[in-house]
Structures are given as C-alpha cells and as structure tokens.
Amino acid sequence: MKAVTKNGVAVFSPQGFLDGNNTSSFLNIEDVEAAVNLKADIILISLKKVIFFNRNGLDTFVKLFSKIRKKNSAVVGFCDYDFNKYNAIKKFYKDEIYFSLFKTLDIAYLFSSSFKNQNKTILIYSSDNSQRSAMAIELHDNGHNPIIAQNEEDYLEKKSKEGTYDYVVDSTFLGQMGQKVATRVTGNAIVYTVSDFLDVDITDKFNIEYHNNSLNVGFRLFIFDACKVISMNVHAINFFSRLASAAAEYNATICFAGMSFGKTPKEFKETLEDSGILFYKQLDDILQNKELLKELGASSAANIKNKRALNKKNVSELPNFIDAAVVTIEMMTNAKAIKESVEIHNLVIDDKEDKIASSIGYYGDIDGMVILVFPTKIAQKACELLIGESTDDLELVLDTLAELVNIVGGNIKTLLSNDNIDVNITLPRTYQNIDNLLEVIDNRKGVQVDLSFDDNKFLFFLTR
Amino acid sequence: MITKDKIDAFIEKIPPTPEVLKETLSLLNIGELTKAAKIAEGDLALKSYLKNIVNKPIYGFANEVSDISQIFGILGVTLSQQTVYNYMISLLSPDKWLLFKLNSKSFYELQAQLSKKWEMILKHLEINDKNIYGAISLLPASIIVSEALFNEKIDEVTLLRSTKALDYNTILTRLCGVGLFDICEQIADKWEMDQIIPQIIQSASGLKPSDDEMINNLGKWMHLLLFYELSQPLFIEAGLNDFVDFQVDYVADIYDEFTTIMEIG
C-alpha cells in the first residue's frame, strides 16, 4: 500500500478489517521507506475506513513503527479514529504507548514541521497533565497559539465558545515525538526553533529539503530561535557555517536569536560570525523591528543579486518538463493540451487580473524551477478532479493547485530519470496574485510556453 | 485520462450472452437441472470453470466433483444459476492483469469466497430468491472494469493516488460522470440479468442507497462482505483493498450481525 504524503505527513489508509493475519499485507518496510524518502516527518495509519481491529492487527503496525523509529526520527502512530477506537488503543497498550495518536489528520498536520498554515489558535485538552504541556510546547514551537483547558469542565466551557478556536485538540496522545527542528514562517522570515545540546545530530534533525526549498522559492531571512540551547559543539558549528555559506549564494541571511554562550566557547561565536551569521539577544529584536527586517532581506520575497542563467542542460530537457506539465493537466481536465508558442524571455503575463500561479523547484543533476500560471477559473477546473466539485474557495484551490504542481514535479522526476538525470523536487509554492510571483522571479529569463486546452490558456515557465 | 468514449467502447466490446449460457440459464430458471447440465456440457470452458470453482475448499466437497449434472445437482437451481453468472463475469476478465496483481486463479477465488459467504448471509436473512443469490456475481465486474479502463494509465493513476487518496470509482466519476457500478449496471442490462441485480449492486457501492428498504439492506450486506473479502491478504496484496471507497457509516447498523455470521471476534 502506498502512502499519501502532504504537509510532511505520510498516511496509509487501510480499509475494512485489521487482524493479525492481514496487517503485514497492508504495509511492508519498503512502503514505509518510500514514505520516508518523500521527506515525511510523521508517518501514520488512518483508522477512518477501518471497521474492525484487534490488538494482533495493530501489533504488526506497532512493530513496524519501532523499526522506523530506529532508522530515523519520524513521528509514528495512528489517526482518524472515534472515541471508542481511541479508548480501545489506549486499553490495548496501557503504559506502553510510545507511538502517537492524532484524532484527525488535520490535527496531525498541526504537529508537522512542514505545515505552512501556521499561527492557529488551538484549544488543547487531555486528562493527562504532562500530555497537555507536551502538546502546548510542540504546537507553540510550530508557530501556533495553544490554549490549554485545565480540566474537563474548563474544556467544555471553552469549546462551547463558537468561532474562538481554529482547532480543538482532544483524544490525542503524543508518544515519542520526532526530533526534527520545529519550523514556522513569520511574514517573509523562516524561524527554526532549536534547543538543548546542538551536536552532529543537527544534520538529521534539520530539514534541509525544506530549507533549500525555502531558498529556492525566495525566502531570504532565516532565524534560529536558540533561547533554549544549552551549548553547541564543533560539529554543529560546522553545520551552521556550511548553511551560512550556502545561504550567501542566494544573498540570504542567517541569524541566531537568544543564544547564550555560557557553556559554549566564545571562539565558536566568532567562527559563526565570520561565516556571516548574525546574533541578536531575542527573537522580537528582529521580528518587531521593521527597519532591521528590511535590512536583513525579509521585506521582499526575493532579493537575488546573482541571477543564474538558464543553461543548455535545462533547455535540452525542455520537452520532458513540458510533457510533465501537459500530461498532468490533461489527466486533471480530460482535455487535450496544445502548445501554442515557445519563447525565451522574461516572464510575460499580459493580464495579471484573476490569475493564480504555482511553482516547484528541482535540484540534483540539474536544477531550476517550473512555474504554471492559470486564469483562476481554469485552475478551479484543473483542480476539480482532486477536490471533487467546483468551488470558489480560493484557499482550497491554491492548496489543491499545490497538489497538482506536486504531481507535475513527480512526473518531471520520472521523465528525467528515463534520461538518467537524477533530481529531487522541492515543496510546491502557490501565488495568490501574479505580483507575488513576479517578485520571486525578479526579472529572470526563462523559457515561456503558452499552452491551451479546450480554448483555455495557461502558461508554463521554466527558469533557474 | 479516461473519457466517456473509452467507457462506451468498453461496453460496446462486451459480447452478447453466448447462446449456450442463455439456454442453460433459461433451463435453470424453470428448474430443469438435468437438461441445463446437458446444454452446459457443450461449452468446455464453462465445464472447466464449474469444475474448478466447486472443487475449491470453501465449497467443502469431500471428493472431486467433475460431472456437470452432478455439480448442478449438488448446487441446486439457485446456486447453479449464481455459478453460471460467475462464469459469465469471468469471461470479461483480462488474459493478463496489469493494474491489479490478480490472475484467473485468484479472481475465481474471490468469486468463490464472495458467493459462498453471500449464501451464508442470505440464509441468515431467510432469503431464497435466485436472482438475489445471483446478484453477488456482478460485484467483481467492478474490478474488471477498473482494470480495463485504468491499465493503460497506471503511472498517472499511481502518481495521482500518491497525492490524494482517491479510489478508482471516484476518479472515474469525477472524470466522466459515470462510476464503476454504473458500468456494471450496463453490463447487467446487456446480459439481460434480472433488474434486481444491478439495483443491489448500485446500493452495494455504498454511494447510492436504494429507496427500496430490502434492496438497500442487501446493498449494505454486500458492501460489508466486499470489504471483508478485500481485507484478506491475497486481495490486499493484489491492490484491491482500496480500489473503491469503504463507507463505514453505511454498514454500521448491520455490523454486529455480520460479525456473528462470519464468526469474527
């Protein structure tokens, strides 16, 4: 069974009956490894479509969870259950639960470091005091505003206030959490929360894919909230120095906020400063200072001084890139796409009104970025297969457009691998208006292909 | 990806009911088991299929049964008709399965398991209508239709399904406005099956509950039975577990009874 991965959460969805005889048929270690390769930091089994399970059935999954945990630090567990199923699992495993339980998939997303939709107000309730605190800390580190209900009465009272909370988290249990560095986006800055001792493990804990993706899509300010860091060793110093050098290529800035050097040699700070890292006393010193934010590059989505030209290698693979986009759009719309023109120039969008866009980067043997620009109505049509109905909900369309461009990215990866070109794809990014896109593209040249299907036009742009 | 034209072409290609089967079924309909067996003997493929299926362990015969009149005699009118319907559906199955990891042996196994357990359910519900017994035969046609329509688009479908948990029925319905079970209904019409059969199948999709209480109830039992079977290792490994969407709420009220009959606990 293959997992569906979104927002860094990979979900396997078995249906029907789970017992000791069949669970190993649902899932094997290769399926899980494939999910891990998709950079999932939470791996879950959904119980939504499961009508029966027993302890033997869950045990197979739990053993598999144990193997995953040993190999990497992904969070593992179950999601999408009702109160009875939740109680049954708690009863089966009593005090031996090291895996996590998320009442719904949406709740699981809140705990994922790859979830972009942050700053949510979340009501938390658990009868276990330590669970309440653990959830609040995790959610806070991920950029949300957790509100804890102290007891059931308090919970019911708070919950009854309609519209106060974006999410209500109950019947949820955090087992061993992943040690991935928590990430949140604040305006045009990315904030990573690091804590305790920073050593060689930082290379595993830090989501470098996410970071590279953020650089590729135009983020220029990265802040490490280090107020909970006790000390760091030379391996961590090397890691951050490398990160700073890579960021310099994009003219990006890396800052540390709240780092105390009480237990870390002062020379380490100098080494980091030499590599271009800036230090501030606390996070708000940066985030609340608009002038400083502007100076550090967070006032604009893009600020690339050294624009890279589209090279021959990318252009020679152009048919693959176009095919990947065309095949996907054809699949989504059931209509034939026709190529109208191919030209190399800056991105030209005649009419910017009522258009939305999505981009995905690729890197490896070759690197670059594919951008699709649609009239909003056409994007809605292209997303209908995934959404299931026509909708005017722009947020939903943008979210689905990201899934669509993710399929384009998957197709690109497959088609290039046929030519023995190995690339990875970044997370997709969507643009609610064309000005945001143009700011990111920042006058870069690329190959622009105008395409149409059923007399509807859309635009493909390949750049670096 | 899949167009209405492709669906129409698939329906068009379905051959009419072969004369031997037509005659066999009409004789079974009037209870003429011996005459029906004699006609069925003329179709070697049918003969081989019947032998194959009734000698599966689930039928529980101590000795091998090979003679058609003996098979019809043991099965009786109702189950003989059901088995002939199963054979008709198997005629639609591909020589080589690509989308699902199935072969003729595992497909026949699925048919046998569904048929035998459907019989258990109908006995429990005290239903003795041969058309309702035969209805289960049409259910696996949904698998054959999925295979036929999607087998040329495996890579695209795999990529799509890795992004969003969509079953084949949903993909087809969203693309063409026609679902797998609608196509099964068209197959039933083409083969002049009794009207109640496609009605039960539509209800068994879990998405189109019937206004007729009895048909709706049978649909629930069939839907749950389908997912009970698709939870068996052989069929999970064949990729069938999530080929259509399981509607847990639809079957909630018969679940306890079902677990008693199937001795699940």
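Good morning. A residue counts as exposed if 12 or fewer other C-beta atoms lie within 10 Å of its own. B:Glu192 has 11 such atoms within 10 Å, and is therefore exposed. Please bear in mind throughout that the model is predicted.

Let me stay with B:Glu192 for a moment. Its place is the loop between helix H11 (180-190) and helix H12 (196-204) of chain B. Its phi is near 50 degrees, which is a positive value in a residue other than glycine. Most residues other than glycine have a negative phi.

Chain A offers another case. A:Asp354 also has a phi near 50 degrees, again positive in a residue that is not glycine. This residue sits in the loop between E16 and strand E17 (355-364) of chain A. Is A:Asp354 exposed or only partly exposed? It has 13 C-beta neighbours inside 10 Å, and so counts as partly exposed.

I turn now to the strands of chain A. Strand E16 (residues 337-346) pairs with strand E21 (residues 445-453) in the antiparallel sense, over nine bridges. Within this pairing, A:Leu451 of E21(A) is the bridge partner of A:Lys339. E21(A) also pairs with strand E22 (residues 456-463) of chain A, antiparallel as well, over eight bridges. There, A:Val449 has A:Phe460 in E22(A) as its bridge partner. E21(A) and E22(A) form a hairpin with two residues between them, and A:Asp454 in the turn has a positive phi of about 50 degrees.

Next, the interior. The largest nonpolar core has 195 residues, and among those with the most contacts inside it are A:Ile43, A:Ala325 and B:Leu138. Helix H5 (residues 68-90) of chain B provides the largest share of this core, ten residues. Domain 1 (4-169) and domain 3 (312-463) of chain A each contribute at least three residues to this core. Which residues does B:Leu138 touch, leaving aside those up to four places away in sequence? They are B:Ile89, B:Cys184, B:Ala188, B:Met193, B:Ile197, B:Pro198 and B:Ile201. A second, separate core has 38 residues, including A:Leu198 and A:Phe256.

Finally, the contact between the chains. Here 26 residues of chain A are in contact with 26 residues of chain B. Several elements of chain A each supply at least two residues to its side of this contact, among them helix H15 (318-333), helix H16 (376-387) and helix H17 (394-418). H17(A) gives the most, with five residues. By class, the side of chain A that touches chain B has eleven nonpolar, eleven polar and four charged residues.

Thank you for your attention.

How values were computed
Residues are numbered from 1 along each chain as its sequence is written. Chains are lettered from A and ligands numbered from 1 in the order in which they are written. This is a predicted model: local features need pLDDT of at least 70, side-chain atom pairs count only at pLDDT 80 or more; totals for chains, interfaces and linings use all residues. A nonpolar core is a set of buried Ala, Val, Leu, Ile, Met, Phe, Trp, Tyr and Cys residues joined through C-beta atoms within 7 Å. A residue is buried if 20 or more other C-beta atoms lie within 10 Å of its own, exposed if 12 or fewer, and partly exposed in between; C-beta atoms are placed from the backbone. Helices (H or I, at least four residues) and strands (E, at least two) are DSSP runs, numbered from the N terminus. Domain bounds come from an automatic or database domain assignment. Two residues are in contact if their C-beta atoms, placed from the backbone, lie within 7 Å. Ala, Val, Leu, Ile, Met, Phe, Trp, Tyr, Cys and Pro count as nonpolar, Asp, Glu, Lys and Arg as charged, and the others, Gly among them, as polar. Two strands pair if DSSP finds at least two bridges between them.
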